[in-house]
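Hello,

Here is the structure I said I would pass on. Please open it and keep it beside you as you read. My notes follow below.

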Amino acid sequence: MTIKLKIALYNTFLVSIIVGCVLVFMMSISGTVIESNTKNQLLSVVHDNVDELEWKNGNIDTDDIDFYENHVTTLIYSDDGYLLYGYISNIENFNTPLLHGELTSINVNGVDYLLYDYLVSDRKSDSVYIRGIASVAEMSDMVENLFFATLISMPLFIIFTGLGSYFIAKKSLKPLVKIINTAQDISHGDDLSKRLNISGKDEIHQLSTTFDQMFAKLETAFISEKQFSSDVSHELRTPTAVILAECECNLLDSSTPQDKKEALQTIQRQAKKMQQIITALLNLIRLDNGVQKIAKENVDLSELISVVCEEHNIIISEKQQLLTQLPHQLFANVDYSLIIRVVSNLIENGFNYNKQDVDHTSQVTLSLTENQENIIITVTDNGIGIPPEHIDKIFRRFYQVDQSRTDRTTQSMGLGLSMVQQIIHLHNGTITVDSTVNIGTTFIITLPKN
Ligand code: ADP
């Protein structure tokens, strides 16, 4: 059963129950209501007539008297019980004793009547009785008519509720059909660029906007997954091809021992490169799927950076300078070994992408500061910089700005920054780059304090 049908049926059922309850309630209280209504009307008409009754020159003036008003018949009797004015059919049955201010009920030919008498006197002690007679059946007829009108209109009301609910539900749920179709297309891999673009301000619109954002993320993830697979095969294909070519050449009888030695050296170099790629990829994948858990502890980042810099100072050349601007102590909750990887990677890049001038001294400066929310690590170099069009791509896996730059280092694989970014994200931090070609580059890392 569709949702719109369920909503329509539910509303119809609910309305039927409510209307049914109202009718039952009306029926149960109608007797009491009719009686008290009849009584109220009878008293009100009689009292009105009492106010309107006048004596002119010793005679009663009945001009302002309403003898039939609001289902109440009025009769005027003399104080000794003779009917003076007014008429009602079967009048002989209504000639019961007159009782001032009393409400009595009688049954005439199976119909219930309420009687109310009131004694009115003029100043000369001339007095008459005003008798009001109201038929309970007349009132109950009115209520009955109302009851039947409600009973007849009830099915119409229920049908309108059902149809109305169905159409409103149909209209509201219409975008869901679009969402289902688009999601099906995407799940079948037909077209990842499809979007819902549903306009409006209701919950369905919010849902579709969330879906559109999810589809966009899926598309990006799918494209980068494709790119990643093709990059991995591309990166591994070259060394594999070199190794195979060397093997083929040197398996020939004509190959000399010297050729074989050189070939083995080449094979060793290529195998090492493959090993590095595989290790780096494994590290990334371990971080990706959480196999490598991050073990956060309270670490003095000043000390951590000093230690990493000391290690690098041992291996850097005379033309390289590693400077630090560190506070005495600055503690943060981080994974010690992962942050060492980040800092080392950025220092290595700072020196690798330096200017090639003979008299140029390449400098890498590390600084550590804090503000209210974050701890900020910056790594600045005075190297070749990164052209603006490459800035937002350098964190992609296997992305290298250009080959001539990456030939500076045999370890260049385009995986370092990707790993750095992933580690920082695992710490809920951010990493950004500020770079000017031929001036230098600054990597800015922020790590949240909490
Ligand atoms: P790689 O192994 O190639 O260094 P990375 O992911 O570390 O891979 O860097 C990606 C690319 O970003 C590099 O190929 C390089 O061109 C550029 N790059 C990274 N760091 C710097 C830097 N400090 N100065 C200039 N270019 C840089």
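**Helix against helix**

Helices α4 and α9 are roughly parallel to each other, because their axes cross at roughly 20° and angles under 35 degrees count as roughly parallel. The two axes come within 10 Å. The crossing is left-handed. On the α4 side, Leu284, Leu287 and Asp288 make the contact. On the α9 side (residues 416–426), the partners are Ser418, Met419, Gln422, Ile423 and Leu426. Five of the contact residues of α4 and α9 are nonpolar, two are polar and one is charged.

One caution before you go on: this is a predicted model.

Why give two values for such a pair? Packed helices are described by the angle between their axes and by the distance between those axes. Keep both in mind for the next two pairs.

Take α3 (residues 203–250) and α4 (residues 257–288). Their axes are 9 Å apart, and the packing angle is about 165°. Angles over 145 degrees count as roughly antiparallel, so α3 and α4 are roughly antiparallel to each other. The crossing of α3 past α4 is left-handed. Many residues meet here. From α3 they include Phe228, Val232, Leu236, Ile243 and Asn250. From α4 they include Asp259, Ala263, Ile267, Met274 and Leu281. Across the contact of α3 with α4, 13 residues are nonpolar, four are polar and four are charged.

The third pair is α5 (residues 301–315) with α6 (residues 336–352). Their axes come within 10 Å and cross at roughly 50°. That angle makes α5 oblique to α6. The crossing of α5 and α6 is right-handed. Helix α5 brings Leu301, Leu304, Ile305, Val308, Cys309 and His312 to the contact. Helix α6 brings Tyr336, Ile339, Ile340, Val343, Ser344, Ile347 and Glu348. By type, the contact of α5 with α6 holds ten nonpolar residues, two polar and one charged.

**The sheet**

Now the strands. Strands of a sheet pair through backbone hydrogen bonds, in a parallel or antiparallel way. In what order do the five strands of the open sheet run? The order is β10-β12-β13-β15-β14, and the pairing is mixed. Strands β10 and β14 (430–436) are the edge strands, since each pairs on one side only. On average, neighbouring strands of this sheet are turned by 15° against each other, direction ignored.

Walk across from β10:

- β10 (residues 320–325) pairs with β12 (residues 362–370) in the parallel sense, over six bridges. Thr324 stands opposite Leu366 of β12.
- β12 pairs with β13 (residues 374–381) in the antiparallel sense, over seven bridges. Leu368 has Ile377 in β13 as its bridge partner. A hairpin of three residues joins β12 to β13.
- β13 pairs with β15 (residues 440–448) in the antiparallel sense, over eight bridges. Val379 has Phe443 in β15 as its bridge partner.

Which helix lies across this sheet? Helix α5 lies across β10, β12, β13 and β15, and runs at about 170° to β12. So α5 appears twice in this email: it meets α6 and it lies across these strands.

**Three residues to click on**

Start with Ile186, in helix α2 (residues 136–187). Is Ile186 buried or exposed? Its relative accessibility is 9%. Buried means under 20%, so Ile186 counts as buried. Beyond its neighbours within four places in sequence, Ile186 contacts Asp191, Leu192, Lys194 and Phe215. The C-alpha atoms of Ile186 and Glu219 are separated by 9.3 Å, although their positions lie 33 residues apart along the chain when counted from one to the other.

Next, His71. His71 sits in the loop between β3 (68–69) and β4 (72–78). Its phi is near 60°, a positive value in a residue other than glycine. At 26% relative accessibility, His71 counts as partly exposed.

Last, Phe398. Phe398 lies in the loop between α7 (388–391) and α8 (403–406). Phi is positive here too, near 70°, and again the residue is not glycine. With 7% relative accessibility, Phe398 counts as buried.

Best wishes

Conventions. Residues numbered from 1 in each chain as written. Predicted model: local features only at pLDDT ≥ 70, side-chain atom pairs only at ≥ 80, totals over all residues. Heavy atoms only, no water. Helix = DSSP H or I, 4+ residues; strand = E, 2+ residues; numbered from the N terminus. Buried < 20%, exposed > 50% of the residue type's maximum accessible area, 1.4 Å probe, protein only. Contact = heavy atoms within 4.5 Å. Axes fitted to C-alpha atoms, helices over the stretch in contact; angles between N-to-C directions. Parallel < 35°, antiparallel > 145°, perpendicular 65-115°, else oblique. Left-handed = near helix turned anticlockwise from the far one by under 90°. Nonpolar A, V, L, I, M, F, W, Y, C, P; charged D, E, K, R; others polar. Pairing = 2+ DSSP bridges.
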